[in-house]
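Here are my notes on the model, point by point. Please read them with the structure open.

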Amino acid sequence: MHNNRMTVRSSPDEISAGEAVPIADALGRPLHDLRISLLDQCNFRCPYCMPESEFHSEYEFLKRRQRLTYDEIVKVATAACSMGVSKIRLTGGEPLLDKNICALIERIADLPGVEDLALTTNGMLLEPMAGKLKAAGLHRVTVSLDSLDKQIFREMSGGRGDLDKVLAGIQAAEKAGLGPTKINVVVQKGVNDHTVLDLLEYFRGRGTIVRLIEFMDVGNRNGWLMNRVVPSRVLLESIQKRWPMRPIGKNYAGEVARRYEYIDGAGEIGFISSVTEPFCGDCSRARLSADGMLYTCLFANQGTDLRESLRNGADDDELSSILSSIWLQRADRYSELRRTDVAEHHVLRKVEMYRIGG
Ligand code: SAM
Ligand code: SF4
Ligand code: SF4
């Protein structure tokens, strides 16, 4: 189990090999979560993430040698665990396009300190893999599913998704013991907002946790506009009219979803409201892209190239030292700083969601 000592590191020089000491950034936030993007490719073209117009057949995705190897990923994960990371999420692009993923899962699941190992997927390839993922040591899956309306679902996957396959994938995950499954729904005004209640109805009472996500201005290519965002409080009001709900507390500090439960006992849902109600104050996440860039904010416009250090022979101590100096300097709070009314005019170039996996 993870050794959660109360000592907090304040300088990168205080590190010694094998020691697991929590670390706090410049705003006092610990490092708890690491999201690892395995590859930048995807079998979907969700318009809010990888629109077909930009990610067409000529688009150059990372070559194999540009992506981190499993050995390199495990080294970064090990260093992150030594400074307090206990939650690791594998993502992408679409992580299940990596056919060897179980070999990586086995290695990460075995790292000291890892208490929660999850995967975010669009679910298309999940059904045949669910049992193997569980056997390899994965704890949970989150499946992205924007609507149960076949036509809307298809459009929101860029014309590539098959709703029945995704639903079968969710069922297989639950059967394999990868629950409680979470369902991520990106809600866009005029696109799928009118289908949210149907989706909730389908998953109510099944132990599946639906999370309604505000359409975010991640990256530079998804045509984000504030008037496409449905504020969580508006959604909550309309859900309450059908099924009364009450708020419930966080599972852990740094949880991004605001949780509600149905008063009739049919389970819980969550709201991820990073546009209208930012939650930077206890954000404890670092993100590793498939080519080894470490980002300390979803909206970062620059990261740190760990691949270069790894390929120049950085040993575990050096890697820990690099990671800790990045975290100690971290002061990101993009969502809190940007005023939503002007967000659509901002000109910062940001990292794309498909590169760091949400
Ligand atoms: N391909 C996998 C999937 O879709 O689950 C994993 C990667 S995807 C980038 C991770 C999550 O980011 C998904 O749940 C997706 O819906 C969410 N996402 C992508 N673009 C988004 C946006 N502009 N606003 C809000 N969420 C977004
Ligand atoms: Fe692919 Fe996931 Fe992005 Fe959709 S949200 S395009 S499934 S990476
Ligand atoms: Fe964390 Fe950055 Fe999102 Fe704020 S904007 S919650 S710092 S990822």
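Which polar backbone atom lies 2.9 Å from a nitrogen atom of ligand 1? The partner belongs to glycine 93. Bear in mind throughout that this is a predicted model.

1. Polar contacts of ligand 1. The glycine 93 contact runs from a ligand nitrogen to the backbone, at 2.9 Å. With glutamate 94 the side chain takes part: one of its N or O atoms is 3.3 Å from a nitrogen atom of ligand 1. Threonine 121 offers a polar backbone atom, 3.2 Å from an oxygen atom of the ligand. On its own, ligand 1 would expose 550 Å², and the protein buries 95% of that.

2. The shell of ligand 1. There are 20 residues around this ligand. Those that come nearest are Tyr48, Gly93, Ser144, Asn184 and Met216. By type, the shell holds eight nonpolar, ten polar and two charged residues. Three strands each give at least two residues to it: strand 3 (116–121), strand 5 (182–187) and strand 6 (209–214).

3. Ligand 2. Three cysteines are listed around ligand 2: Cys42, Cys46 and Cys49. Phe44, Met50, Gly93 and Asn122 complete the list. Five of these shell residues are nonpolar and two are polar; none is charged. Note Gly93 here: it also appears among the residues that come nearest to ligand 1.

4. Ligand 3. Cys280, Cys283 and Cys297 are among the residues around ligand 3. So are Phe279, Leu298, Phe299, Tyr334 and Ser335. Arg287, Asp332 and Arg333 are listed there too. The shell divides into seven nonpolar residues, one polar and three charged.

5. Helix packing. Check helix 1 (residues 70–81) against helix 2 (residues 101–109). Their axes are 10 Å apart, and the packing angle is about 25°. Helix 1 is therefore roughly parallel to helix 2, since angles under 35 degrees count as such. The crossing of helix 1 past helix 2 is right-handed.

6. A cis peptide bond. Most peptide bonds are trans. The bond joining glycine 179 and proline 180 is cis, with omega at about -5°. Where does proline 180 lie? Its place is the loop between helix 5 (163–176) and strand 5. Strand 5 is also one of the strands that supply residues to the shell around ligand 1.

Notes:
Residues numbered from 1 in each chain as written. Chains lettered and ligands numbered in written order. Predicted model: local features only at pLDDT ≥ 70, side-chain atom pairs only at ≥ 80, totals over all residues. Heavy atoms only, no water. Near = heavy atom within 4 Å. Nonpolar A, V, L, I, M, F, W, Y, C, P; charged D, E, K, R; others polar. Polar contact = N/O pair within 3.5 Å; in protein donor to acceptor, adjacent residues only side chain to side chain. Areas by Shrake-Rupley, 256 points an atom, 1.4 Å probe, with all protein chains shown as cover. Helix = DSSP H or I, 4+ residues; strand = E, 2+ residues; numbered from the N terminus. Axes fitted to C-alpha atoms, helices over the stretch in contact; angles between N-to-C directions. Parallel < 35°, antiparallel > 145°, perpendicular 65-115°, else oblique. Left-handed = near helix turned anticlockwise from the far one by under 90°.
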